[in-house]
Every structure is written in C-alpha cells, then in structure tokens.
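This report walks through one model, from sheet to domains to single residues. Please keep the sequence and the 3D view open while reading.

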Amino acid sequence: MKLWDLIIIGTGPSGLFCGYNTALSGKSTLILEKNLQFGKKLLIAGQGKCNLTHNGDIKSFLTKFGDNGKFLKQSLNNFNPQNLKDWFESLGLPLVLLEETGKYFPSTMSSQDVLKVMIDSCKKAGVIFKNNTCVLSTTKINGKNEDETLNSGYFKVITTNDNEVFYAQNIVVATGGMTYPQTGTTGDGYKFAKKLGHSIVTPSPCLTPIFVDNYSFAEISGISVAKVKIGLFRENILIKENRGDILFTHHNLSGPGIIDFSRYVKKNDVLKINFVNLEPNEFFLLFQNYSNLNGAHSVKTFLYSLLLPKRLIQKILFIHKLDENRKIAEINKSERKIILSLSDYPFTVTRVGDINIAMATSGGVCLQEINPKTMESKLCKNLYFVGEVLDIDGDTGGYNIQAGFSTGYTASLNISKIKNS
Ligand SMILES: Cc1cc2nc3c(=O)[nH]c(=O)nc-3n(C[C@H](O)[C@H](O)[C@H](O)COP(=O)(O)OP(=O)(O)OC[C@H]3O[C@@H](n4cnc5c(N)ncnc54)[C@H](O)[C@@H]3O)c2cc1C
C-alpha cells in the first residue's frame with residue numbers, strides 16, 4: 001500500500017499549482033481528477049484566452065473580493081501577480097497586459113497553452129496524475145485502518161473507480177465551487193469539508209448576468225455602455241454602488257459592471273443605472289440649460305448629444321412611447337421625467353443567472369475555520385482547502401485564477417515543511 005505525502009483533489013489552477021510546488025520540495029504528490037480532461041474550467045476561462053491575473057497593487061486586489069478579501073492578504077503576499085507573470089515567463093509563456101482593462105493574458109491568448117505549461121511543470125516536478133477518478137469521500141483514520149498498517153491521523157480517500165482507496169498524510173481539497181457543473185465542479189468539496197467538521201457558507205451563483213422585470217432590450221442585444229455608475233437599492237435604500245461596463249443581451253443585463261455586482265443582488269432589488277455620467281442633479285441642470293437655449297430642438301437632438309448608443313436611446317424612447325421628434329419646449333412633465341431617468345434608469349431584479357451560467361460561486365468553506373497563513377483547516381490537522389471551494393469569489397478580470405495560484409502556493413509552502421512520518 002502506497003502512502004502519499006499529499007493527495008490533491010482537483011486539477012484547477014489552485015490544485016495544479018499546489019501540486020507543482022509541493023512535488024518540487026520532494027513530497028510524493030498525487031492529484032485526482034474526476035474528468036478525463038484536466039483543468040476543464042481553466043480551458044474555458046476568459047473565453048478560451050485565460051485572463052490569468054490583473055494589474056494593480058495587492059491593496060486594490062483585495063477590494064475585488066467583497067468582504068472576504070482580507071483573508072487572501074497573506075496568500076497574495078506569498079505569491080503575487082508579479083510572481084505569477086514571472087513564473088509563466090520563466091517557462092516560455094510571457095503574459096501580456098491589455099491596458100484598457102488591466103487584464104493579463106498569455107501572449108498566445110490560449111488557455112490550452114496555460115494548461116500545458118502547468119501540467120508539464122507538474123509532471124516534471126514529479127506529480128502523479130490520475131484522471132477519470134472521482135473522489136467519493138475523504139475520512140481521517142481514527143485508530144488503525146482495516147489492514148492495521150496505518151495509525152491515526154492519515155487520510156483515506158475513496159474513489160468511484162471500484163471504490164479504489166488511497167492514503168495520504170495531507171489532503172488538499174481543490175474542487176472549485178458548484179457553478180458550470182459541466183466542467184466537473186459540482187460542489188463535492190463542500191461535502192468533504194462538512195464530513196470533516198467544517199461549516200459551509202451557503203453557496204450561490206455569482207459573476208452572472210442579472211434578470212430584470214419586463215426586460216425590453218432584447219432587440220438591442222450586443223449593445224454595451226462603458227463605465228456607467230450602477231446603484232443597488234433595497235427597499236429604496238442605496239446599499240452599494242459600482243462603476244463598470246454593462247451589456248444588453250437577449251435575456252438579461254450583463255457585462256463586467258453587472259456581473260461583478262451579482263454577488264450582492266437579491267430578488268426585488270432595484271438597479272439604477274446612470275447612463276449619462278453626471279449626477280442626477282447635474283443632468284437636470286444640463287437639461288434645463290439646454291431646453292432654455294434650444295427649446296426648438298427635438299428630444300432626439302438633445303439625447304444624441306449625450307453620445308450614448310443611438311439604438312439604446314431609441315429603445316428607451318420607444319418603451320416609454322416618447323416621440324423622438326417632439327420639440328423640447330413642448331414636452332410635458334412626464335416626458336421630461338423619462339428623459340431625466342437616463343441618470344438613474346431603474347431595473348427591478350427578478351433573479352440572477354443560475355449555476356449553469358454563473359462564472360463563480362459565492363459562499364463555500366467558512367473562512368473562520370481556515371488558517372489564512374497556511375490554508376490549513378483549524379479543525380482537522382493536515383487538511384487544506386484552496387481556490388474557489390473556499391468562501392472567496394473575486395470580480396471578473398483575472399482575480400479568481402490569481403487567488404487559486406496564491407492559495408495553492410500558500411498551502412504548498414506549509415505542506416513542504418511538514419516532516420515525513
Ligand atoms: C466561463 C468561465 C470563464 C472564466 N474566466 C475566468 C478568467 O478569465 N479569469 C479568472 O480569473 N477566472 C475566470 N473564471 C473563474 C475561474 O475559472 C475559477 O475561479 C477557477 O478555475 C477556480 O479554480 P480552482 O482551482 O478553485 O478549481 P476549478 O478550476 O474549479 O477546478 C476544480 C477541479 O476539481 C475537479 N473535481 C471536483 N470534484 C471532484 C471530485 N469529487 N473528484 C475529483 N475531482 C473533482 C473538477 O472536475 C475540476 O477540474 C471563469 C469561470 C468560468 C465558468
């Protein structure tokens with residue numbers, strides 16, 4: 001019977017990078033993956049181009065993970081975006097920065113290349129892989145194992161392959177979240193965590209489009225507006241603001257500004273979108289001045305001067321049955337209200353996109369039970385959680401993959417130090 005120093009469950013970025021670094025230190029490392037294909041989610045990241053990390057300092061990085069960002073501070077100090085860039089460059093795959101978005105991609109714009117570098121590095125470092133191997137359960141041996149060869153403290157990992165069993169001194173759960181289940185991430189890690197005594201913060205889809213009541217913008221799907229201010233109102237109280245690009249799709253609102261917000265949004269919340277880049281009172285004054293000076297101009301002449309997509313303006317006028325050729329001097333109070341609504345255009349949320357289309361999972365293994373300096377469980381020695389299985393989720397832009405690398409690296413630092421027994 002082989003006793004592994006480390007078994008990692010999952011071949012996402014966190015599991016692979018943890019495996020690579022631990023194997024480099026000489027520890028016997030086995031990675032189990034339920035799919036035939038390794039790193040399935042990594043392959044579709046960034047629409048197959050793989051946005052690996054983001055520009056900016058660690059302080060601003062941490063703000064992109066909602067309230068739980070501070071948990072990642074130590075991990076990001078251990079392995080920061082510059083370290084990630086250097087690592088890929090040293091292996092012949094430099095990253096390039098897209099200035100306008102701050103996102104880093106591999107120079108070849110191919111997630112296949114990213115995965116290849118990672119798998120090749122792991123194999124070179126001595127990692128053993130087993131694909132098509134779905135882990136069913138992980139338990140800690142208490143007393144002796146069945147054939148009395150092991151004492152307390154080791155982990156027993158049972159897989160679906162005829163209940164094949166593996167034993168290890170350390171376990172890293174790198175099973176990701178529960179969204180995009182077709183990539184293998186079906187929330188199994190939460191089950192393992194619970195069985196080993198952990199609490200789970202209820203997982204829910206995030207980084208996902210938002211569905212709104214009476215959506216009437218299907219005809220302009222594909223139209224986007226850059227850097228609009230989005231206010232989130234619950235029972236008429238502003239609870240959060242964000243600025244980002246929004247995209248009208250066939251069925252919902254999307255784009256980075258919207259999907260980054262999805263982790264906070266609940267049914268019946270109201271999103272107020274400021275299309276005009278002016279505060280409502282400033283927009284009111286602008287309109288007031290314009291109508292004083294140009295009363296004979298048409299509504300469309302004023303609205304087109306705002307440099308918004310024409311089809312968006314036309315759509316909003318159509319929805320509210322406002323004739324674009326009306327003279328500004330002649331419009332009534334309710335027509336004026338429609339024009340002014342462009343600075344806080346309301347959408348009532350019906351739901352966020354479900355697990356099949358959400359790019360990440362909010363919630364997961366409770367952070368209070370994990371040591372942020374090592375990623376080790378505070379409840380169960382030699383058990384580690386890395387990547388998205390934890391209750392961390394970042395905005396779009398490369399934050400989640402970077403978090404996977406940083407937490408995977410941090411766990412490996414600790415496991416590499418553990419004396420073999
Ligand atoms: C469409 C899409 C695009 C994205 N684009 C980006 C992007 O450009 N940049 C970015 O930063 N983030 C992006 N993300 C998010 C990012 O891909 C994830 O946050 C990241 O992959 C999580 O890494 P991980 O290591 O935690 O696990 P994952 O990459 O989720 O991998 C977990 C692995 O564990 C395996 N596994 C699960 N259960 C078991 C089990 N019981 N036994 C064996 N194996 C198991 C799964 O099959 C899977 O391969 C995107 C996500 C999606 C869905």
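Two strands count as paired if DSSP finds at least two bridges between them. The model discussed here is predicted.

**A three-stranded sheet**

Strand E3 meets that cut-off with strand E5 (residues 103-106): two bridges join them, and they run antiparallel. Within this pair, Thr 53 stands opposite Tyr 104 in E5. The sheet is open and has three strands, in the order E3-E5-E4, with antiparallel pairing. Strand E3 (53-54) and strand E4 (95-98) are the edges; each has a single partner strand, so one side of each lacks a neighbour in the sheet.

**Two domains**

The protein is divided into domain 1 (3-205 + 359-417) and domain 2 (210-352). Their C-alpha centres lie 41 Å apart. Nine residues from domain 1 and six residues from domain 2 make the contact. Between them the domains bury about 610 Å², with 40% of that on carbon and sulfur atoms. Which three residues supply most on the domain 1 side? Pro 205, Asp 395 and Thr 396 give 53% of the area that domain 1 buries against domain 2, more than any other three residues.

**Helix H11**

Helix H11 (residues 310-319) has buried residues at Leu 312, Ile 313, Lys 315, Ile 316 and Leu 317. A lysine, Lys 315, is thus listed with the buried residues. What do they pack against? Their partners are strand E12 (224-234), strand E13 (237-248), helix H10 (299-304) and strand E16 (345-352). Just after H11, Lys 321 takes a positive phi of about 55 degrees.

**Thr 410 and its surroundings**

Thr 410 sits in helix H13 (residues 399-417). Is it buried or exposed? Thr 410 is buried, at a relative accessible area of 1%. Its side chain has two polar neighbours to note. One is the side chain of Asn 78, joined to Thr 410 by a polar contact of 3.1 Å. The other is the backbone oxygen of Ser 406, which lies 2.8 Å from a polar side-chain atom of Thr 410. Leaving aside residues up to four places away in sequence, Thr 410 touches Ser 75, Asn 78, Pro 372, Lys 373, Thr 374 and Met 375.

**Positive phi at two methionines**

Met 375, one of the residues touched by Thr 410, has a positive phi, near 70 degrees, though it is not glycine. Met 109 likewise has a positive phi, near 55 degrees, in a residue other than glycine. Met 375 lies in the loop between strand E17 (360-365) and strand E18 (383-385). Met 109 lies in the loop between E5 and helix H6 (111-125). Are these residues buried or exposed? Met 375 is buried, at 0% relative accessibility, while Met 109 is partly exposed, at 29%.

**Cysteines**

How many disulfides does the structure hold? It holds zero. The table lists two cysteines; each is in no disulfide.

| Cysteine | Nearest cysteine sulfur | Distance to that sulfur | Relative accessibility |
|---|---|---|---|
| Cys 50 | Cys 122 | 15 Å | 0%, buried |
| Cys 206 | Cys 366 | 17 Å | 1%, buried |

A disulfide needs two cysteine sulfur atoms within 2.5 Å. Cys 50, with the nearest cysteine sulfur 15 Å away, is in no disulfide. Cys 206, with the nearest cysteine sulfur 17 Å away, is in no disulfide either.

Conventions:
Residues are numbered from 1 along each chain as its sequence is written. This is a predicted model: local features need pLDDT of at least 70, side-chain atom pairs count only at pLDDT 80 or more; totals for chains, interfaces and linings use all residues. Side-chain values use heavy atoms; hydrogens and water are left out. Helices (H or I, at least four residues) and strands (E, at least two) are DSSP runs, numbered from the N terminus. Buried means under 20% relative accessible area, exposed over 50%, partly exposed in between (1.4 Å probe, protein chains only). A polar contact is a pair of N or O atoms within 3.5 Å; within protein, one must be able to donate a hydrogen and the other to accept it, and residues adjacent in sequence count only if both atoms are side-chain atoms. Contact means heavy atoms within 4.5 Å. Domain bounds come from an automatic or database domain assignment. Buried area is the accessible area (1.4 Å probe) that two parts lose on being put together, summed over both.
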